[in-house]
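Q: Please take a close look at one part of this model, the place where two of its chains meet. Explain the terms as you go, since I am new to this.

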Amino acid sequence: MTTMAHEAEVLVPLSREEAIEAFGDGREVTVFAGGTILMPEIALGRLRPRRALLLAHAGLGDIRRSGGTFSIGAAVSVARIAEEAPEPLAALARHVGDYEIRGQATIGGNLCAPAGPSSPRGDLQAALLALGARVHSAGAGGERVDPVDDFLAAGGEGRLVLEVVVEEPVRASAQALARPHTHAYTALAVACAETAAGLRIAVAGAGPRARRCPSVEQAVANGASAADAAARVLDDVELQDDALASGWYRGKMLPLLVDRALASLSAGGDR
Amino acid sequence: MKAVGARLPRYDGLGHVTGRTAYVDDVRVAGMLWTKALRSPHHFAAVRSVDTRKAEELAGVHAAVTHADVPKNLYGHLEALGVPADEPLLADGEVRYKGQPIAAVAAEDEATALAALDLIEVEYEEREPFFDVRKAFDPDAPRIHPWGPVYPHFGPHDHRRIRKGDVAAAFDRADLVVQGVYRPTAIEHCPVEPQTGLAVPEVHGRLTIYSCTQAMYFSMGVVAAHLEWPLNKLKFVGGTVGGGFGGKVDTATETICALLAIKSQRPVKWRWTREEEFLASSTRAPWHMEIADAVTSDGWIIGRRMLTLHDAGAYTRFSSYGLTKHSFHHTGAYTIPNLDFNGYVVYTNRVPTTAMRGFGVTSISFATEMQMNRIAKVLDLDPWEVRLKNANRVGDTSANWVALSDPSTVPVVQAAAKRVGVELKPEFRLMTKDRRSGDLLPDHLVEQLVSTDGGES
Amino acid sequence: MAKHRGRGISTIEYPTGMNQNGDPSQAWVKLKPDGRVDVFAGTVDIGQGSRTVHTQIVADTLGVPYDWVTMDNTNTDSSPICTGSFASRGTFIGGNAVRFAAEKARERILDIASKELEVDASDLEIADGEVVAKGAPQKKIGIPDVAAAATWTYGELITGTGAAFKPYAAVDDDTGRVEIEPHSAISYAACVADVEVDDETGDVRVLRLVQVYDVGRAINPLLVEGQIEGGAMMGLGLGVLEAAYPYYPSVEHRGEQYGSYLAPSMQDLPEFDNVILENPSVDGPFGAKAIGEMANNAQPAAICSAIHDAVGVWITECPATPERVLRALDERAEPRRDGKRVVFDEDSSVRGVSSSGGRSNGAGFQLVDG
Amino acid sequence: MIKAPKGGKVVVKLTVNGIARDVESSPLTSLLHILREEVGLTSPKAGCQQGGCGACTVLVDGEPRRSCVLAVGGIDGSAVTTVEGLAPDGLLSPIQAAFYERYASQCGFCTPGFVVAGHALLARNPEPSREEILGALAGHMCRCTGYVKIVDAVEAAARGEVGEERVFPESRPEEPEVLVPGSPA
């Protein structure tokens with residue numbers, strides 16, 4: 001039996017509660033936030049959802065701040081992240097796509113983005129890992145809060161992201177490898193954040209998924225120089241070839257970016 | 001007021017900035033169907049069977065076509081110039097590149113057409129593909145084209161050749177031989193308007209074809225050939241195109257739209273997706289060029305040996321034309337009297353390459369100019385002076401013995417030097433493009449002049 | 001670890017019209033009863049501006065204001081053959097077709113005017129929409145009145161057809177020799193590229209392009225600049241950004257969207273300095289040659305030579321991606337010197353890659369060092 | 001909650017170039033498709049339908065958006081402006097005039113997207129720096145012009161350096177044909 005895009009059952013919840021109810025256990029539900037990743041798949045006939053959930057009007061578009069704590073709704077645009085979120089999240093947000101795409105793409109979509117067919121996706125994931133973000137989600141078993149590390153490891157299957165909570169770090173820095181071209185993607189992104197929990201470093205774009213860099217964090221903790229610590233990053237990631245850069249080139253650039261990020265951090269970090 | 005020489009705005013500029021300019025995709029015809037094509041998922045495979053019956057039964061599908069529906073399926077862009085046909089409109093028995101069209105359907109909307117593709121049953125038998133032109137003659141290279149590893153129809157030869165002067169003597173005489181390899185790669189044409197065609201059945205059995213072709217009569221000829229129709233049964237409507245750069249010299253959508261329109265008796269549109277543009281549309285050819293130049297220590301290039309491998313992709317299209325053009329210009333903007341050029345059109349299992357801005361010459365401009373700068377470096381000479389010294393002059397002959405009537409190599413080089421504040425030595429600053437004489441007519445350049453100038457010089 | 005500046009130059013030539021000729025363009029021109037002009041030609045406007053250029057050529061050939069002329073290139077029923085908008089032939093060959101057609105129509109205008117003014121046609125000239133007797137400016141008639149007279153007095157249509165064509169130039173397959181010019185004209189250009197190379201990332205930024213083009217005659221300098229700038233950005237893409245096969249000859253990891261196929265964007269924009277030289281052709285319309293295609297030929301070599309000037313490595317496989325530059329900086333390959341031979345890039349040659357040295361059982365490539 | 005049953009449609013309220021419309025559609029249909037195929041506005045182009053080229057850019061509540069990746073169900077109640085709605089009939093907006101006068105458009109296919117995005121840029125930032133212009137328009141693909149004259153045009157429009165082409169001159173009888181140049185129809 002062949003289904004077609006326009007045969008999908010589409011739900012447009014008008015509140016957080018309706019969104020949770022409509023998502024249910026998430027089985028056979030495709031969630032549309034900004035649409036920048038999924039809409040092309042529909043146009044190409046590769047995605048033919050049975051049930052689609054449009055989050056645009058679900059009231060998940062707010063950033064609430066209390067003290068150093070930011071609660072960022074899943075449907076908040078990357079553009080607003082670039083303006084209002086703490087570093088290194090804001091810095092990496094500024095590298096996403098282009099003006100229009102940043103206005104449409106959402107933090108929830110970026111968090112749940114699968115690896116692209118020819119280039120990395122989810123460049124904000126590095127910043128969220130570095131910040132030790134907590135992900136509020138709904139799905140089978142009700143609402144839940146997971147460390148972003150666990151959420152990414154599980155791949156977000158069967159979960160509806162409601163909001164992402166981050167603490168403003170003491171210091172933070174970010175580095176990204178981007179070659180200017182139309183609709184540019186970030187080939188490689190590094191994020192460092194020093195929070196109450198200590199220093200966390202993460203990389204996006206090196207392999208299929210964003211990764212924490214425990215070896216680098218350990219080396220820094222052990223007082224290694226920025227350069228020596230940065231060199232350890234290659235123990236933490238699997239390097240891949242894609243249309244933007246080879247694994248070889250990523251391997252050359254990654255220690256450099258980590259080194260620069262650490263240097264900028266010790267110089268006070270991004271503001 | 002004179003129009004010629006005036007900085008007049010575009011004739012169609014107001015249409016562009018108001019969004020009123022109508023491209024093919026903007027034409028509205030009642031009852032129009034949408035087309036999608038089933039493309040090969042393999043680089044190289046035998047196609048054992050194609051069955052479109054289930055697709056044709058899907059609600060909303062009005063027609064499907066395969067090679068069996070094409071009166072003249074095998075076509076060659078250059079048949080008129082004596083180049084035999086080698087490319088099927090729709091794959092017949094084998095697919096030679098990933099993305100090659102095998103069947104096409106016309107349906108009420110794009111989603112239905114896409115769904116119908118899933119219902120087309122094709123049996124493939126994968127074969128080992130071939131990609132590196134340099135290995136074309138290796139004993140273990142897979143045979144991928146019935147004509148062999150290279151295009152065999154340059155008269156009696158399997159390569160385009162240029163022979164001029166006495167190259168062996170030049171290489172003996174040379175103080176140095178500078179040799180290099182140059183490999184500009186394939187790029188996409190990337191016009192913002194994708195390939196789009198719309199075929200509308202008219203009364204009296206005519207077809208109106210709205211086309212984004214760069215060449216209406218050329219494409220009309222292609223469609224007429226496939227359909228085996230006289231030209232008066234076709235009307236091409238176009239002339240306004242959203243960028244081409246050579247890629248829209250291919251007649252990519254028109255014939256298949258025509259076949260589907262004839263079969264369904266409905267207007268049929270085919271608008272390629274950007275993914276099809278990137279993965280299945282023709283590209284600029286990748287080139288492999290090896291140059292050995294016989295040079296004198298004072299900077300004359302007295303002889304050139306060259307090997308060019310043109311990566312044609314899976315079918316010939318315009319490749320033999322492009323390579324011949326390449327050979328005619330393989331000395332660039334300079335006069336090199338002794339030449340031995342051998343160029344091959346090599347088949348690989350990639351998307352067929354086609355014309356693109358600078359066709360055949362973009363490659364040689366890169367190779368020749370890199371080679372010039374290397375020669376200057378190796379000889380420790382000024383790259384401006386090496387260029388001016390070897391520059392084409394009035395009365396010089398080109399690689400294929402055409403007397404150059406008014407070459408501007410000298411003036412453009414002088415103007416560029418002046419613009420960036422480079423002080424040329426007087427003899428180079430005052431040099432003209434005029435006929436050679438004195439120091440600028442050394443022995444090795446006499447013969448190439450004499451033989452076309454009846455001894456004047 | 002630093003950024004290095006470098007400069008590279010290149011000089012190119014490019015032919016007008018299909019190689020070996022044999023590519024006709026035809027047109028016809030007619031006057032409406034009020035003297036306004038309709039032009040029918042099949043030349044496709046792909047953005048290069050042929051509609052504008054052809055309109056300018058017809059206006060000046062007839063001697064009427066530009067905005068009296070309407071250009072119809074919309075279909076094959078009303079337009080005669082044009083081989084197409086490729087091979088940089090639109091202005092020269094397509095332009096000659098409309099020019100020849102306008103010249104014929106001009107003769108008919110003069111014939112009618114000569115009857116109306118009772119002045120020999122050879123003593124008449126046309127300017128700004130009026131036919132004027134040479135040396136007797138008071139003796140004149142507007143082209144609208146000429147067209148009206150043709151229509152209502154003489155019952156004639158003022159029209160003209162034009163066909164531009166150069167016969168096919170056969171080539172000797174043994175020597176490549178041709179007996180007649182295999183092109184309509186040749187244009188020339190020189191390019192100077194200034195680049196900045198980051199020896200840490202291998203990233204190349206093109207800072208400035210100074211370019212000189214001999215286009216014969218710039219029918220519309222604005223459109224010529226458009227070709228120079230647009231072509232240069234395509235050449236920049238060819239030089240440092242674009243690859244349909246990022247791991248050529250492998251077919252893996254092709255970009256399927258603008259996000260992963262690196263076409264130049266506004267942010268790649270260098271500083272431009274365009275110089276147009278006018279060295280008129282003998283038989284092009286108003287001395288025009290061509291510009292379209294050649295505009296992306298000069299930059300890749302100028303840029304790659306500038307990279308050598310900056311960091312001392314030859315990038316001979318385009319595009320000069322950061323990876324290629326870094327690898328080259330790692331290897332610092334020197335040419336092999338063998339007697340008087342200086343051999344670069346051996347590893348990428350046929351001999352260096354093919355298991356058979358490019359030859360097997362008799363057949364094979366004729367190598368340059370063989 | 002708005003529900004569209006399997007294969008069903010909902011009514012989406014849009015104000016397109018100032019005219020209120022009820023669009024009946026699956027909420028998943030792209031705004032681009034609605035504008036081109038339902039509303040009949042063809043200036044937004046299907047250049048890539050991947051959100052990557054900018055040719056489909058329109059204003060949604062004043063902000064430039066890629067209509068090809070915008071599900072219409074998500075913009076219920078919004079005001080949509082295409083290049084047709086940037087200026088009163090017969091007039092050109094400054095950015096349109098600048099693009100025309102400065103030859104910022106060759107094949108013209110990308111032009112409506114550039115014009116709409118440039119218009120929005122000047123609306124939110126009347127005196128953008130060159131860097132701000134590049135930043136705002138970098139996601140728009142033009143393969144013809146090399147962008148030089150596009151940047152010049154945006155700068156000229158910002159400086160108000162645009163001439164009388166802001167009004168279609170009535171003195172030119174051929175002008176109506178210029179409005180639909182080379183229209184295949």
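A: The answer below starts with the contact between chains B and C and then follows chain C further.

The model is predicted, and local features need pLDDT of at least 70, side-chain atom pairs count only at pLDDT 80 or more, and totals for chains, interfaces and linings use all residues. Residues are numbered from 1 along each chain as its sequence is written, while chains are lettered from A and ligands numbered from 1 in the order in which they are written.

Where chain B meets chain C, 112 residues of chain B are in contact with 115 residues of chain C. Two residues count as in contact if their C-beta atoms, placed from the backbone, lie within 7 Å. On the chain B side, the largest share comes from strand β10 (residues 176-184) of chain B, which gives nine residues. Helices (H or I, at least four residues) and strands (E, at least two) are DSSP runs, numbered from the N terminus. By class, the side of chain B that touches chain C holds 58 nonpolar, 28 polar and 26 charged residues. Here Ala, Val, Leu, Ile, Met, Phe, Trp, Tyr, Cys and Pro count as nonpolar, Asp, Glu, Lys and Arg as charged, and the others, Gly among them, as polar.

Strand β10(B) also pairs across the chains: β10(B) and strand β14 (residues 341-343) of chain C run in the parallel sense over three bridges. Pairing requires that DSSP finds at least two bridges between two strands. Val177(B) stands opposite Arg341(C) in β14(C).

Chain C has a second partner to consider. In that contact, 20 residues of chain A meet 21 residues of chain C. The side of chain A that touches chain C has 10 nonpolar, six polar and four charged residues.

Chain C also takes part in the largest nonpolar core, which has 423 residues; those with the most contacts inside this core are Leu55(A), Ala126(A), Val203(A) and Ile307(C). The largest share of this core, 13 residues, is given by helix α2 (residues 90-117) of chain C. A nonpolar core is a set of buried Ala, Val, Leu, Ile, Met, Phe, Trp, Tyr and Cys residues joined through C-beta atoms within 7 Å. A residue is buried if 20 or more other C-beta atoms, placed from the backbone, lie within 10 Å of its own. Leaving out residues up to four places away in sequence, Ile307(C) touches Gly6(C), Val195(C), Val197(C), Val204(C), Val313(C), Ile315(C), Ala320(C) and Val325(C).

Terms used
A residue is buried if 20 or more other C-beta atoms lie within 10 Å of its own, exposed if 12 or fewer, and partly exposed in between; C-beta atoms are placed from the backbone.
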